Amino acid sequence: MLRKILFAILLIVLGVALYYNPNLKTILTGIAILLFGMVMLEEGFKVFTKGPLQTILKNATNKLYKSITAGALVTAFIQSSSLVSVITISFISAGLISLAGGLGLIFGANIGTTATAWLVAGFGLKIKISALAMPMLVFGVVFSFRKELTLKGIGNVLAGLGFFFLGIHYMKEGFDVFKDYIDLSQYAISGFLGVFVYTGLGIIITTVLQSSSATLALILTALSAGQIEYENALALAIGANVGTTITAVLGSLGSNSAGRRLALAHLIFNVSTGLATIILIYPLARLVNSIAELTDLAADNYTIKLAIFHTIFNVLGVLLMLPFIKKLERFLMRFFNEKTEVLDVSQPKYLNKAVLKFPGSAITSLLLESKYLYKKSIFKIVAHALNIHISDIKSKEKLNSIINRSNEDFEIDIEGLYYSKVKTIYGEIIKYASLVQSELNLSPKQIEAVTEIKIANRKMVEIIKDARELNKNITVVLNTENTHLQNEYDAYRKKLTKVLRVIYLFRTDNGNNESKYAIKLKELKAEAKASTRQSNKSIDRLIRKDLVSAEQASSLFNDYTNVNDMIKKLINVAELLYGKIDSILEENESDKKNT
């Protein structure tokens with residue numbers, strides 16, 4: 001909704017501006033070309049640096065200084081703090097990186113975005129940039145039509161840079177023409193009033209353009225043309241930094257609490273930095289003048305001085321926030337407390353639009369969501385279908401003791417639980433899995449992982465249906481005085497409870513395929529397979545001695561097969577979710593590092 005409002009505002013502003021002053025068309029054309037160039041740059045880098053970029057950001061978050069450095073260098077290289085923010089929110093939503101690591105990346109991205117100011121001020125406004133832009137566009141378009149992803153990525157990057165520089169050229173030309181009609185510098189406001197007014201204007205412009213880099217390019221070109229005063233340009237730059245948080249906030253709207261924590265942290269950081277810079281704006285301006293004198297920079301070279309100011313206040317913001325990062329993290333954890341959000345397994349915990357940006361975060365989220373469903377719903381439904389408490393399964397009490405005292409009917413409505421707790425989330429997992437396979441560029445290992453996740457979820461639904469049928473007969477047996485029949489069903493309950501306990505131990509052992517629990521699961525699955533093919537001698541004996549009716553015998557035989565099928569499926573799902581898929585993803589990461 002907010003995006004639609006911003007888009008409507010942009011259209012209205014453009015229409016009014018062009019109607020009342022057609023001379024703005026060159027400047028606005030330059031802005032449009034520059035923004036299009038930045039979009040192409042993002043698309044190019046998504047392809048060209050997809051593997052390394054995601055690996056760098058994911059692996060550089062174990063130490064704060066590493067995450068800040070990675071955020072700064074990657075942002076400076078790809079010229080997009082927005083892309084870094086989106087990747088970070090996607091990864092943190094999927095649980096791939098910690099909140100502290102995400103904070104470091106965001107802090108670093110703010111430092112990295114200063115590269116745009118240096119690029120425009122030190123290069124874009126000093127030479128005839130259109131002469132360089134044209135060859136970039138030509139080669140960029142040629143490469144972008146290639147089928148190879150790497151060449152297409154290179155083409156988009158070159159074309160993006162070409163449009164970026166061409167946009168600066170048109171903006172510069174536009175301001176040179178525009179000043180013959182209107183001198184915007186006459187609207188300069190001095191003092192702190194001007195600082196607050198122009199900071200607010202910088203926030204508005206960046207919110208509309210959705211890019212602080214584009215706003216900085218606009219400020220620098222206007223400054224070089226003498227259309228704004230240097231003092232007001234400093235305030236506009238502060239506003240641009242604050243306004244860029246809108247991108248992170250919008251990006252977090254489709255994420256979970258982890259993603260929203262990061263977006264709020266981004267907002268707090270940039271607003272705090274902006275307020276501190278406003279307070280210190282005149283001392284910082286004097287510091288810039290001192291640096292200019294020491295480096296023999298011309299006193300009227302305001303574009304370079306703005307780039308220096310922009311760098312100083314972004315670095316200063318990070319230095320000011322570092323002592324409070326732990327407190328900020330604790331505040332965010334309390335502010336977005338998952339317990340207060342009333343997490344319900346019938347609704348996705350890990351799946352959200354933010355994770356669909358990249359294969360790694362998307363597949364990890366699918367796996368985590370499937371594990372959560374298995375742990376919170378399937379496991380519990382099967383246990384309660386047997387009239388067994390989860391706490392008993394997790395305990396070390398002997399199974400015979402548990403079965404003998406667990407003779408209370410839980411009166412579980414498995415059909416109702418399926419529709420209220422499982423069906424919706426199962427549908428969401430399958431939907432997201434299909435979107436991942438159709439919309440993202442997956443490696444063969446990643447395709448295999450998504451396929452296995454879908455298989456695991458289908459088996460979970462089958463387990464619930466099997467549990468429903470078994471529970472009906474267990475409930476009937478509880479009300480019968482036939483001890484022989486009760487003993488048979490108690491044996492079924494014990495068999496399944498044993499499997500559930502070993503699966504629990506396997507899960508809590510982090511799905512270690514070499515553990516004794518993994519070996520035990522394989523043995524139990526083999527026993528279930530063998531049992532399916534063999535006749536149950538105890539049931540045959542009961543029939544021969546006429547200890548059960550024909551109807552009861554039929555139920556026993558059906559449930560005998562049913563129990564063995566449930567065991568195989570329960571173990572298959574556990575092996576897939578906690579063993580095989582994790583291994584596939586680890587192999588995929590290893591393959592990336594070796595290529």
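The following legends describe several close-up views of a predicted model.

**View 1. The whole protein, a predicted model with 26 helices and zero strands.** Of the 595 residues in the chain, 51% count as buried, and the accessible surface comes to about 27,200 Å², 60% of which belongs to carbon and sulfur atoms. Among contacts with a separation of 6 or more, 79% are made by residues 24 or more positions apart. The average pLDDT is 82, and 85% of the residues score at least 70. Over residues 339-343 the pLDDT is below 50, and this stretch has five contacts in the model beyond near neighbours in sequence. Residues 591-595 also have a pLDDT below 50, with three contacts in the model beyond near neighbours in sequence.

**View 2. The surroundings of I453 in helix α22 (residues 444-478).** The relative accessibility of I453 is 0%, and the residue therefore counts as buried, the cut-off for that class being under 20%. Leaving out residues up to four places away in sequence, I453 touches I363, L366, L367, S370, I429 and I581. One of these partners, I581, lies 128 residues from I453 along the chain, yet the C-alpha atoms of the two are separated by 7.5 Å.

**View 3. The surroundings of I68 in helix α4 (residues 64-78).** With a relative accessibility of 12%, I68 falls under the 20% limit and so counts as buried. Apart from neighbours within four places in sequence, I68 is in contact with G104, F107, G108, I111, V318 and L322. The view also takes in G102, which is 34 residues from I68 in sequence and 9.1 Å from I68 in space, C-alpha to C-alpha.

**View 4. Helices α10 (residues 191-209) and α16 (residues 302-321).** Helix α10 has 19 residues and reaches 27 Å from its first C-alpha to its last, close to the 27 Å expected at 1.5 Å a residue. The buried residues in α10 are G194, V195, Y198, T199, G202, T206, T207 and L209. Helix α16, with 20 residues, reaches 28 Å between its first and last C-alpha atoms, which is close to the 28 Å expected at 1.5 Å a residue. Because 14 of the 20 residues of α16 are buried, this helix is largely enclosed by the rest of the structure.

**View 5. A nonpolar surface patch made by I12, V16, Y19 and Y20.** The patch covers about 530 Å². One of its members, Y20, lies in helix α1, which spans residues 2-20. The relative accessible area of Y20 is 66%, and this residue is therefore exposed, since the class begins over 50%.

**View 6. Positive phi values at E411 and D546.** Most residues other than glycine have a negative phi. E411 has a phi near 50°, a positive value in a residue other than glycine, and is found in the loop between α20 (399-405) and α21 (414-439). With a relative accessible area of 67%, E411 is exposed. D546 has a phi near 60°, again a positive value in a residue other than glycine, and lies in the loop between α25 (537-544) and α26 (550-594). At 64% relative accessibility, D546 counts as exposed.

**View 7. Salt bridges of E469 and K568.** The count for the protein comes to twelve salt bridges. E469 forms one of them with R468, the closest N and O atoms being 3.4 Å apart, and another with K472, for which the closest N and O atoms are 3.7 Å apart. E469 and K472 both lie in helix α22, three residues apart, which is about one turn of the helix. The three residues are each partly exposed, with relative accessibilities of 34% for E469, 25% for R468 and 47% for K472. In helix α26, K568 forms a salt bridge with D565 in which the closest N and O atoms are 3.4 Å apart. Because K568 and D565 are three residues apart in α26, they are separated by about one helical turn. K568 is buried, with a relative accessible area of 18%, whereas D565 is partly exposed at 24%. Salt bridges that share partners join E415, R468, E469 and K472 into one network.

Note on methods. Residues are numbered from 1 along each chain as its sequence is written. This is a predicted model: local features need pLDDT of at least 70, side-chain atom pairs count only at pLDDT 80 or more; totals for chains, interfaces and linings use all residues. Side-chain values use heavy atoms; hydrogens and water are left out. Helices (H or I, at least four residues) and strands (E, at least two) are DSSP runs, numbered from the N terminus. Buried means under 20% relative accessible area, exposed over 50%, partly exposed in between (1.4 Å probe, protein chains only). Contact means heavy atoms within 4.5 Å. Accessible areas come from the Shrake-Rupley method with a 1.4 Å probe; for residues, only the protein chains shown count as cover. Patches are made of residues with over 30% relative accessible area and no salt bridge: like charges are joined within 9 Å, nonpolar side chains (Val, Leu, Ile, Met, Phe, Trp, Tyr) within 5 Å. A salt bridge is a side-chain nitrogen of Lys or Arg within 4 Å of a carboxyl oxygen of Asp or Glu. The expected span of a helix is 1.5 Å times one less than its number of residues. pLDDT is the predictor's confidence in each residue, from 0 to 100.
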